[in-house]
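Please look through the structure shown here before reading on, and keep it in view while following the report.

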Amino acid sequence: MRPTPVIHATSESRGEGRWLLRFEVHVPSAYEAVWPALTTADGLRGWLAAADVLERRLGGAVTLHWLNGGATVSGHVTAWDVERVVEYTVGEYGRMRFHLEAVGTDSTVIRFLDERAGTDEERLDCLAAWHHHFELLESALQGRPTDWSRWTDARWAELRASYGSFSRT
């Protein structure tokens with residue numbers, strides 16, 4: 001069963017070669033379950049990346065290693081408001097901010113921002129990648145963490161094609 005579809009994101013230019021990507025993701029999980037998925041090494045591994053270093057506090061060090069063949073980036077926790085906001089600013093991946101809002105007792109809205117540098121093609125790659133990762137998050141929250149040894153880029157390629165068909169927003 002495929003998880004609830006993630007709605008396409010928006011993006012805006014922040015000047016020459018800088019982008020702000022935005023997602024609003026509704027997950028059918030209480031924020032008490034979502035927070036550890038965004039802020040613990042075990043949680044992040046299930047849908048995003050291995051947290052080789054993760055100091056869970058404002059100013060703490062973080063090193064993320066993408067297990068789907070991606071890069072390893074280091075930086076710091078640049079926002080930390082327990083069970084509400086976490087922000088990682090890491091290397092070329094830029095500033096990644098997750099803001100949680102409970103909807104009732106069994107649903108959460110994640111407002112996500114990624115402020116980063118890159119070309120327009122890299123912007124489209126990142127939109128597709130985040131979209132795919134948010135689908136993986138929904139699966140992980142339903143007890144099906146990603147098996148990175150079986151991961152392929154097929155779903156990413158579908159999403160990349162769909163984002164490529166939209167004009168810049």
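## What counts as a contact

In this report, two residues are in contact when they have heavy atoms within 4.5 Å of each other. By that criterion, and leaving aside residues up to four places away in sequence, Phe134 touches Val6, Phe23, Val25, Trp47, Phe98 and Phe112.

## Confidence in the model

The model is predicted, and the protein chain has a mean pLDDT of 92, with 94% of its residues at 70 or more. Confidence is highest in strand β6, residues 85–90, where the mean is 98, and lowest in strand β1, residues 10–13, where the mean is 91. Where pLDDT is low, the predicted coordinates should not be read in detail.

## The sheet

Eight strands make up an open sheet, and following the sheet across gives the order β1-β2-β8-β7-β6-β5-β4-β3, with antiparallel pairing. At the edges lie β1 and β3 (50–54), each of which pairs on one side only. Ignoring direction, neighbouring strands of this sheet are turned by 20° against each other on average.

Strand β2 (residues 18–27) pairs with strand β8 (residues 107–117) in the antiparallel sense, and ten bridges join the two. As one example of this pairing, Arg22 has Leu113 in β8 as its bridge partner.

## Two hairpins

Strand β4 (residues 61–65) and strand β5 (residues 72–81) run antiparallel and are joined by five bridges, one example being Ala61, whose bridge partner in β5 is His76. These two strands, β4 and β5, form a hairpin with six residues between them, and in its turn Gly69 has a positive phi of about 90°.

Strand β5 also pairs with β6, again in the antiparallel sense, over six bridges, and here Asp81 stands opposite Val85 in β6. The hairpin of β5 and β6 has three residues between the strands, and Glu83 takes a positive phi near 65°.

## The helix and the nonpolar core

Which strands does α3 touch where it packs on the sheet? Helix α3 touches β1, β2, β7 (94–103) and β8, and its direction makes about 20° with that of β2.

The largest nonpolar core has 42 residues, and those with the most contacts inside it are Phe23, Trp47, Tyr88, Phe98, Trp130 and Phe134. Helix α3 (residues 120–141) supplies the largest share of this core, namely eight residues. Returning to Phe134, the residues that it touches include Phe23, Trp47 and Phe98, which are also listed among those with the most contacts inside the core.

Conventions. Residues are numbered from 1 along each chain as its sequence is written. This is a predicted model: local features need pLDDT of at least 70, side-chain atom pairs count only at pLDDT 80 or more; totals for chains, interfaces and linings use all residues. Side-chain values use heavy atoms; hydrogens and water are left out. pLDDT is the predictor's confidence in each residue, from 0 to 100. Helices (H or I, at least four residues) and strands (E, at least two) are DSSP runs, numbered from the N terminus. A nonpolar core is a set of buried Ala, Val, Leu, Ile, Met, Phe, Trp, Tyr and Cys residues joined through side-chain atoms within 4.5 Å. Buried means under 20% relative accessible area, exposed over 50%, partly exposed in between (1.4 Å probe, protein chains only). Two strands pair if DSSP finds at least two bridges between them. Axes are lines fitted to C-alpha atoms, for helices over the stretch in contact, and angles run from 0 to 180 degrees between N-to-C directions.
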